[in-house]
Amino acid sequence: MEIVVLPDGQAIGALGADAIANLLQRKPDAVLGLATGSSPLAIYDELAARCAAGAVTLGRARGFTLDEYVGLPADHPETYRNVIDRDFVSRVDFAPGAVRGPDGLAADIPKFCAEYEAAMAQAGGVDLQILGIGTDGHIGFNEPGSSLASRTRIKTLTRQTRVDNARFFEGDVDAVPTHCITQGLGTIMSARHVVLVATGSQKAEAVHHLVEGAVSALWPGTILQHHPHVTVLLDGAAASRLQLADYYRETYRAKPAWQGI
Ligand code: F6R
């Protein structure tokens with residue numbers, strides 16, 4: 001795991017966008033794994049700006065989103081499909097239909113989940129997966145107790161996650177769906193490079209477990225300690241509980257710039 005502590009969201013956005021731009025240069029039809037929520041917004045903003053300036057194209061890239069609420073009407077502004085369209089897809093030059101996501105209204109959810117896994121495999125697998133992390137340590141919506149080998153499936157959201165996400169539902173926790181479809185921890189582990197973003201002190205405990213804790217289903221993100229290529233982009237507040245923060249800073253400072261992340 002490479003831990004990079006940066007001064008602010010803008011620096012996180014620039015470094016995350018560099019990783020994607022470098023990938024697209026090597027592989028223009030790369031497959032991106034896309035998270036929704038606040039954490040990746042700086043990366044999406046930066047990519048939208050570079051795309052508008054003609055410095056990056058996603059014209060041949062493909063994308064798979066991580067998760068989706070079950071049961072929200074398709075035109076609800078908070079379906080993750082609508083959120084990712086608003087925050088990212090509509091602001092760059094993806095080809096129509098290039099970004100797919102779980103169908104939270106599927107009549108047969110297990111069948112849909114198997115098809116989603118098959119579509120990702122058929123696309124060649126995810127080259128770069130962008131992730132956030134929940135205050136309870138979830139990645140995707142793999143809540144505490146998730147199987148460390150899980151694949152795409154339906155999950156029940158924890159009360160904590162629903163409280164955290166009530167901000168997107170006018171503060172009404174009861175309006176936050178109780179279930180979601182999420183890529184599993186095993187699915188996320190199949191991505192070739194994982195870039196996880198966390199900012200703010202409310203993420204500090206989850207980040208501490210993610211990076212320095214024991215691998216455990218209680219803190220699902222810890223499975224990433226077994227992944228060969230994970231980059232964790234943090235601001236100072238999210239890094240504030242890391243025991244080895246000085247070492248991570250020193251290591252990154254000494255890294256030749258050309259290596260990227
Ligand atoms: C979103 C997702 C979640 C979020 C996490 C953090 O697609 O899968 O794991 O990344 O809940 O959310 P934010 O970034 O809003 O703090």
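These are my notebook entries on the ligand and the largest pocket of this predicted model.

Entry one, the ligand's place. I looked up where the ligand lies and found that the ligand sits in the largest pocket. I then listed the shell around the ligand, which holds 15 residues, and noted that S39, D67, H138, G140 and K203 come nearest. By class, I recorded four nonpolar, eight polar and three charged residues in this shell.

Entry two, polar contacts. I went through the short distances to oxygen atoms of the ligand, beginning with S39, where a polar side-chain atom lies 2.5 Å from a ligand oxygen. For K203 I noted a polar side-chain atom at 2.6 Å from an oxygen atom of the ligand, whereas for G140 the atom concerned is a polar backbone atom, 2.6 Å from a ligand oxygen. I also looked up how far the ligand is covered: on its own it has 410 Å² of accessible area, and the protein covers 94% of that.

Entry three, the pocket itself. I recorded about 500 Å³ of space in the largest pocket, and a lining of 27 residues, of which G37, S38, S39, I133 and K203 lie nearest the centre of the pocket. S39 and K203 thus appear in my list for the pocket centre as well as in my list of residues that come nearest the ligand. Sorting the lining by class gave me 10 nonpolar, 13 polar and four charged residues.

Entry four, helices in the lining. Which helices did I find to supply at least two residues each of the lining of the largest pocket? I wrote down α1, spanning 9–26, and α5, spanning 159–165.

Notes
Residues are numbered from 1 along each chain as its sequence is written. This is a predicted model: local features need pLDDT of at least 70, side-chain atom pairs count only at pLDDT 80 or more; totals for chains, interfaces and linings use all residues. Side-chain values use heavy atoms; hydrogens and water are left out. A residue is near a molecule or strand if one of its heavy atoms lies within 4 Å of it. A polar contact is a pair of N or O atoms within 3.5 Å; within protein, one must be able to donate a hydrogen and the other to accept it, and residues adjacent in sequence count only if both atoms are side-chain atoms. Accessible areas come from the Shrake-Rupley method with a 1.4 Å probe; for residues, only the protein chains shown count as cover. On a 1 Å grid over the protein atoms alone, a cavity is a set of points where a 1.4 Å probe fits but cannot get out, and a pocket is an open set with protein on both sides within 12 Å along at least five of seven lines; lining residues have an atom within 4 Å of a point. A molecule sits in a cavity or pocket if more than half of its atoms lie within 2 Å of its grid points. Ala, Val, Leu, Ile, Met, Phe, Trp, Tyr, Cys and Pro count as nonpolar, Asp, Glu, Lys and Arg as charged, and the others, Gly among them, as polar. Grid points are joined across faces, edges and corners, and a volume is the space filled by probe spheres set on the points.
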